[in-house]
Amino acid sequence: MTGPAYPLHLLGRLGEPYISTRAGAADHMGLGIFIAQSLLERSGARLVFDNLPDGGAHVAISWNRANLEMVEKIHPPARANVYP
């Protein structure tokens with residue numbers, strides 16, 4: 001565990017913009033999880049936020065493999081330029 005758990009009153013709202021336990025802190029807007037979740041969801045990811053039984057926060061990120069394989073068929077990864 002490297003930090004505290006998510007506050008229970010915010011757990012269901014994580015991923016919404018401007019949600020923060022550090023509200024009012026200098027240069028802190030509460031957008032980090034919102035931006036990360038938005039970008040991950042654009043790739044088809046599903047995020048689940050939870051607290052561990054012994055303390056600490058937990059985030060599970062998963063993708064449907066079939067969806068990823070379909071995207072790879074439509075948009076194959078770029079090949080690196082190899083020069084002799």
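1. Start with a cut-off. A residue counts as buried when its relative accessible area is under 20%, as exposed when that area is over 50%, and as partly exposed in between. Gln 37 has 14% relative accessibility, so Gln 37 is buried. The model discussed here is a predicted one.

2. The overall plan comes next. The protein chain has three helices and two strands. Along the sequence, their order is α-α-β-β-α. The chain has 84 residues, and 17% of them count as buried. Its accessible surface is about 7100 Å². Carbon and sulfur atoms make up 57% of that surface. Among contacts with a separation of 6 or more, 30% join residues 24 or more positions apart.

3. Back to Gln 37. This residue belongs to helix α2. What does Gln 37 touch, leaving out residues up to four places away in sequence? The list is Leu 14, Gly 15, Leu 47 and Phe 49. Two of these names return in strand β1: Leu 47 and Phe 49 point to one face there and are buried.

4. Ser 38 also lies in helix α2, which spans residues 32-42. Is Ser 38 buried or partly exposed? Its relative accessibility is 28%, so it counts as partly exposed. Its side chain reaches the backbone oxygen of Phe 34 at 2.8 Å. Ser 38 and Glu 16 are separated by 22 residues in sequence, yet their C-alpha atoms are 9.7 Å apart in space.

5. Glu 16 leads to the charged pair. How many salt bridges does the count give? The count comes to one. Arg 13 and Glu 16 form a salt bridge, with 3.2 Å between the closest N and O atoms. Side chains of opposite charge can pair when their charged atoms come close. Both partners are partly exposed: Arg 13 has a relative accessible area of 40%, and Glu 16 has 34%.

6. Tyr 18 deserves a look. It sits in the loop between α1 (8-11) and α2. Its phi is near 70°, a positive value in a residue other than glycine. Most residues other than glycine have a negative phi. Tyr 18 is exposed, because its relative accessible area is 58%.

7. Now the strands. β1 and β2 pair in the antiparallel sense, over six bridges. Together they form a hairpin with five residues between them. Gly 55 is in the turn, and its phi is positive, about 105°.

8. Strand β1 covers residues 46-51, and its side chains alternate. Which residues point to the buried face? Leu 47, Phe 49 and Asn 51 do. Arg 46, Val 48 and Asp 50 point to the other face and are not buried. In a regular strand the side chains alternate between the two faces of the sheet.

9. Asn 51 is a polar member of that set worth tracing. It is found in strand β1. Its relative accessible area is 18%, so Asn 51 is buried. The side chain of Asn 51 reaches the backbone nitrogen of Tyr 6 at 2.7 Å. Beyond four places in sequence, Asn 51 touches Ala 5, Tyr 6, Leu 8, Leu 11, Gly 56 and Ala 57.

10. Across the hairpin, Val 48 stands opposite Ala 60 in β2. Ala 60 is partly exposed, with 31% relative accessible area. Setting aside neighbours within four places in sequence, Ala 60 is in contact with Arg 46, Leu 47 and Val 48. Ala 60 and Ala 45 lie 15 residues apart in sequence, and their C-alpha atoms are 9.9 Å apart.

11. Last, the surface. Val 59, Ile 61, Trp 63 and Leu 68 make a nonpolar patch of about 320 Å². Val 59 is in strand β2, which runs over residues 57-62. Why does Val 59 count as partly exposed? Its relative accessibility is 35%, and partly exposed lies between the buried limit of 20% and the exposed limit of 50%.

Key
Residues are numbered from 1 along each chain as its sequence is written. This is a predicted model: local features need pLDDT of at least 70, side-chain atom pairs count only at pLDDT 80 or more; totals for chains, interfaces and linings use all residues. Side-chain values use heavy atoms; hydrogens and water are left out. Patches are made of residues with over 30% relative accessible area and no salt bridge: like charges are joined within 9 Å, nonpolar side chains (Val, Leu, Ile, Met, Phe, Trp, Tyr) within 5 Å. Accessible areas come from the Shrake-Rupley method with a 1.4 Å probe; for residues, only the protein chains shown count as cover. A salt bridge is a side-chain nitrogen of Lys or Arg within 4 Å of a carboxyl oxygen of Asp or Glu. Helices (H or I, at least four residues) and strands (E, at least two) are DSSP runs, numbered from the N terminus. Buried means under 20% relative accessible area, exposed over 50%, partly exposed in between (1.4 Å probe, protein chains only). Two strands pair if DSSP finds at least two bridges between them. A polar contact is a pair of N or O atoms within 3.5 Å; within protein, one must be able to donate a hydrogen and the other to accept it, and residues adjacent in sequence count only if both atoms are side-chain atoms. Contact means heavy atoms within 4.5 Å.
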